[in-house]
Amino acid sequence: MARGRMGFWQRFAAVIVRPVMIMWTRRTWRGAEHIPATGPVIIVANHLSHADPLVASHFIYSAAERWPQFLAKASLFSAPVIGPLLKRVRQIPVYRNSTDAAKALEAAVTAVKSGDLVIIYPEGTTTREPDLWPMRGRTGVARLALATGAPVVPMVMWGPQHIFDPRTHKFSVRPRRPVTVVAGPPMDLSRWTGVPPTAATLNELTDEIMLRLRDMLAEIRGEAAPPLWSPTRAESKKETR
């Protein structure tokens, strides 16, 4: 959804959130030109912190002039105040470990095919990698890409962990926290066009996306990228809580 097509509640949310983010962060933004101004697009992003959606929304809304739709935990939609607002601003609930789990993908496919911009965190949760590198992703992002054929734009962030660090659970309200957001050119996924969504295909496509995010983050951090990290079984269980 382009900003010009937004309704009252989207504009209301922007009026509330944007000034806060301007004061709270010191921004380095690059690559907004890679995000189509109109039409369907899937943004795939690394997930460092619970502050990521605020940082990402600010970039998408202010730099790319689009309205973002996130896949968010269903429990948030039943929370006081924020739950009703999430529904009104057209975010997408994710029902984990339930018979309704497929509804999130169906809703995301519908949104993308309607011409909207959908942001998905392929890891499904904040990374458990100790140094906050991307970990191996889940295949929902591959299913969404194959089902829609929409452009897949990689986007990486570094800095939201200074607002909320998931490793220490420390939250900071100090203003002017430095955050970097970089969007890259749409990924060339043409070799998967028309390929059946087998487990092997979905895993291969997901790894391709996660490796792109990892390498883009390495450029921001100025460090050598490690191999894709896989959580242990115990850590995977934590992700679903």
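This passage walks through the sheet, the helices packed around it, and a few side-chain and backbone details of a predicted model.

A good place to begin is the sheet. Seven strands make up an open sheet with mixed pairing, and their order across it is 1-9-6-2-5-3-4. The edges are taken by strand 1 (25–30) and strand 4 (92–94); each has a single partner strand, so one side of each lacks a neighbour in the sheet. From one strand to the next, the twist averages 25 degrees.

Both senses of pairing can be followed along this order. Strand 6 (residues 152–158) and strand 9 (residues 177–183) run antiparallel and are joined by 4 bridges. Within this antiparallel pairing, W158 faces T180 of strand 9. Strand 2 and strand 5, in contrast, run parallel, again with 4 bridges between them. Here V44 has I120 of strand 5 as its bridge partner. Strand 5 also pairs with strand 3 (residues 68–73), in the parallel sense and over 3 bridges. In that pairing, P68 stands opposite L117 of strand 5.

Strand 5 deserves a second look for its side chains. In a regular strand, side chains alternate between the two faces of the sheet. In strand 5 (residues 117–120), L117 and I119 point one way, while V118 and I120 point the other way. Buried or exposed, what is the state of these four residues? L117, V118, I119 and I120 are all buried.

Two helices that lie across the sheet come next. Helix 1 (residues 8–24) lies across strand 1 and strand 9, and its direction makes an angle of about 100 degrees with strand 1. Helix 6 (residues 199–221) lies across strand 1, strand 2 (41–45), strand 6 and strand 9. Relative to strand 6, helix 6 runs at about 40 degrees.

These helices also meet other helices. The axes of helix 1 and helix 2 (residues 52–63) come within 10 Å and cross at roughly 105 degrees. Helix 1 and helix 2 are therefore roughly perpendicular to each other. On the helix 1 side, the contact involves A14, V17, R18, M21, I22 and W24; on the helix 2 side, L54, V55, H58, Y61 and S62 take part. For helix 5 (residues 140–148) and helix 6, the axes come within 8 Å, with a crossing angle of roughly 100 degrees. Helix 5 and helix 6 are therefore also roughly perpendicular to each other. At this contact, helix 5 supplies V141, A142, R143 and L146, which meet T201, L202, L205, T206 and I209 of helix 6.

Aromatic side chains offer another view of the model. There are 7 aromatic pairs in the structure. In one of them, the ring centres of F8 and W9 are 5.1 Å apart and the planes stand at 80 degrees, so this pair is edge-to-face. W9 also pairs with F12, edge-to-face, with 5.6 Å from centre to centre and 80 degrees between the planes. W9 and F12 both belong to helix 1, where 3 residues, about one turn of the helix, separate them. Together, F8, W9 and F12 form one aromatic cluster. How accessible are its members? F8 counts as exposed, at 58% relative accessibility. W9 is partly exposed at 31%, and F12 is partly exposed with a relative accessible area of 37%.

Arginines lie over the faces of two tryptophans as well. R27 lies over the face of W29, 5.8 Å from the ring centre. R221 is placed over the face of W133, at 4.0 Å from the ring centre.

Finally, two backbone positions are worth pointing out. Most residues other than glycine have a negative phi. R90, however, has a positive phi, near 65 degrees. R90 sits in the loop between helix 3 (82–88) and strand 4, and its relative accessibility of 33% makes R90 partly exposed. L132 likewise has a positive phi, near 70 degrees. L132 is located in the loop between strand 5 and helix 5, and at 1% relative accessibility L132 counts as buried, because the cut-off for buried is under 20%.

Methods: Residues numbered from 1 in each chain as written. Heavy atoms only, no water. Pairing = 2+ DSSP bridges. Helix = DSSP H or I, 4+ residues; strand = E, 2+ residues; numbered from the N terminus. Axes fitted to C-alpha atoms, helices over the stretch in contact; angles between N-to-C directions. Contact = heavy atoms within 4.5 Å. Phe/Tyr/Trp six-rings, centres within 6.5 Å; stacked < 30°, edge-to-face > 60°. Buried < 20%, exposed > 50% of the residue type's maximum accessible area, 1.4 Å probe, protein only. Lys NZ or Arg CZ within 6 Å of the ring centre and 35° of its normal. Parallel < 35°, antiparallel > 145°, perpendicular 65-115°, else oblique.
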